[in-house]
Amino acid sequence: MRKTNIIIAFILLLLTNSCSNVQNEFSSNKCYFVFENSNHNNSRLAEAMTAYSGVFCTVSLVNEKGAQYYAFTNNAGLKKTILTDLDKQRTHILGLNNGLIVGYGKLSDPLTFYAYDLECPNCFDPDAIPVRSKKLSISTSGIATCNVCKRQYDLNNSGIIISGDKGNKLTRYRASTTGPYGTLSVYN
């Protein structure tokens, strides 16, 4: 009996150590964004919220001439949407530094709708003073690239590194969509 207990304890110790280097699928960072595309009809975002489109879109909040806008950018360009009163009343936290990437991955069945932080997880330091943005750029092939460290991340495959030094995969948030001209929800 004692020998069995020692073997079980040893197996549990091995299992505990083998799981220590696993990166969580979803970030614990604060993120909250709800956007009613049925009210705004933003075509850039609609493309990213269309299954099988292969399009990813960045989302950020910008201020121009005293007005606040959500800027949606994909490989086809920029489209801004002014905030409505309802948008202004809602709390929004767009990732670590005002930016998200959203879209459907093409490598899973059923398809996975992804939301990533727009900042490079290996270069951006939110505790640095002053905070310096290390935003990623996205390509038509579903690759996010950091201009600082030159790492490339696969947006279609959970944000893993596909080129460059080893490191953390993209920061991922929980997300859902009700369709191209429906509701986008990103949260943690």
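# A guided tour of two sheets and their cores

Of the contacts in the protein chain with a separation of 6 or more, 55% are accounted for by residues 24 or more positions apart. The structure on the screen is a predicted model.

**The whole chain.** Begin with the entire protein chain in a cartoon view. It contains 4 helices and 12 strands. Buried residues make up 40% of its 188 residues. Now switch to a surface view. The protein chain exposes about 10,600 Å², and carbon and sulfur atoms supply 52% of that area.

**The sheet of 8 strands.** Return to the cartoon and colour the strands E1, E12, E11, E6, E5, E2, E3 and E4. In that order they form an open sheet with antiparallel pairing. Which strands are the edge strands? They are E1, residues 32-36, and E4, residues 77-82, and each pairs on one side only. From one strand to the next, the twist averages 25 degrees.

Select E1 together with E12, which covers residues 183-187. These two strands pair in the antiparallel sense over 5 bridges. To see one position across this pairing, display Tyr-32, which stands opposite Tyr-187 in E12.

**The nonpolar cores.** Next, show side chains as sticks. In soluble globular proteins, nonpolar side chains tend to be buried together. The largest nonpolar core of this model has 23 residues. Select Phe-33, Tyr-70, Leu-100, Val-102, Leu-184 and Val-186, which are the residues with the most contacts inside this core. Several elements each supply at least two residues of the core, among them helix H3 (43-48), strand E2 (56-64), strand E3 (67-74) and strand E5 (100-104). Strands E1, E6, E11 and E12 are also included among these contributors.

Now centre the view on Leu-100. Which residues does Leu-100 touch, not counting residues up to four places away in sequence? They include Phe-33, Tyr-116, Tyr-173 and Val-186. Also among the residues that Leu-100 touches are Cys-31, Cys-57, Leu-94 and Leu-118. Of these, Leu-118 is included in a second, separate core of 12 residues. Add Phe-56, Cys-120 and Leu-170 to the selection, for they too are included in this second core.

**The aromatic rings.** Keep the sticks and display the aromatic side chains. The count comes to 7 aromatic pairs. Select Tyr-104 and Phe-113. Why is this pair edge-to-face? Their ring centres are 5.0 Å apart and their planes stand at 65 degrees, so the pair is classed as edge-to-face, the cut-off for that class being over 60 degrees. Both Tyr-104 and Phe-113 are buried.

Move to Tyr-114 and Tyr-116, which form a stacked pair, with 5.3 Å from centre to centre and 15 degrees between the planes. Both of these tyrosines are buried. Then select Phe-33, Phe-35, Tyr-70 and Phe-72, which ring pairs link into a cluster. Phe-33 and Tyr-70 were selected earlier, among the residues with the most contacts inside the largest nonpolar core.

**The loop before E7.** Follow the chain into the loop between E6 and strand E7 (136-138), where Arg-132 is found. Is Arg-132 buried or exposed? Arg-132 is exposed, with a relative accessible area of 53%. Draw a distance from its C-alpha atom to that of Asn-97: the two residues are 35 residues apart in sequence and 9.3 Å apart in space.

**The sheet of 4 strands.** Colour E7, E8, E9 and E10, which in this order form an open sheet with antiparallel pairing. The edge strands are E7 and E10 (160-163), each pairing on one side only. On average, neighbouring strands of this sheet are turned by 35 degrees against each other, direction ignored.

Start with E7 and E8, which pair in the antiparallel sense over 3 bridges. Display Leu-136 and its bridge partner in E8, Cys-146. These strands form a hairpin with 4 residues between them, and Gly-142 in the turn has a positive phi of about 80 degrees.

Now select E8 alone, residues 143-146. In a regular strand the side chains alternate between the two faces of the sheet. In E8, Ile-143 and Thr-145 point one way, Ala-144 and Cys-146 point the other way, and all are buried.

Finish with E8 and E9 (residues 152-154), which pair in the antiparallel sense over 3 bridges. Thr-145 stands opposite Gln-152 in E9. The hairpin of E8 and E9 has 5 residues between the strands, and Lys-150 takes a positive phi near 70 degrees there.

Technical notes. Residues numbered from 1 in each chain as written. Heavy atoms only, no water. Pairing = 2+ DSSP bridges. Axes fitted to C-alpha atoms, helices over the stretch in contact; angles between N-to-C directions. Core = buried A, V, L, I, M, F, W, Y, C linked by side-chain atoms within 4.5 Å. Buried < 20%, exposed > 50% of the residue type's maximum accessible area, 1.4 Å probe, protein only. Contact = heavy atoms within 4.5 Å. Areas by Shrake-Rupley, 256 points an atom, 1.4 Å probe, with all protein chains shown as cover. Phe/Tyr/Trp six-rings, centres within 6.5 Å; stacked < 30°, edge-to-face > 60°.
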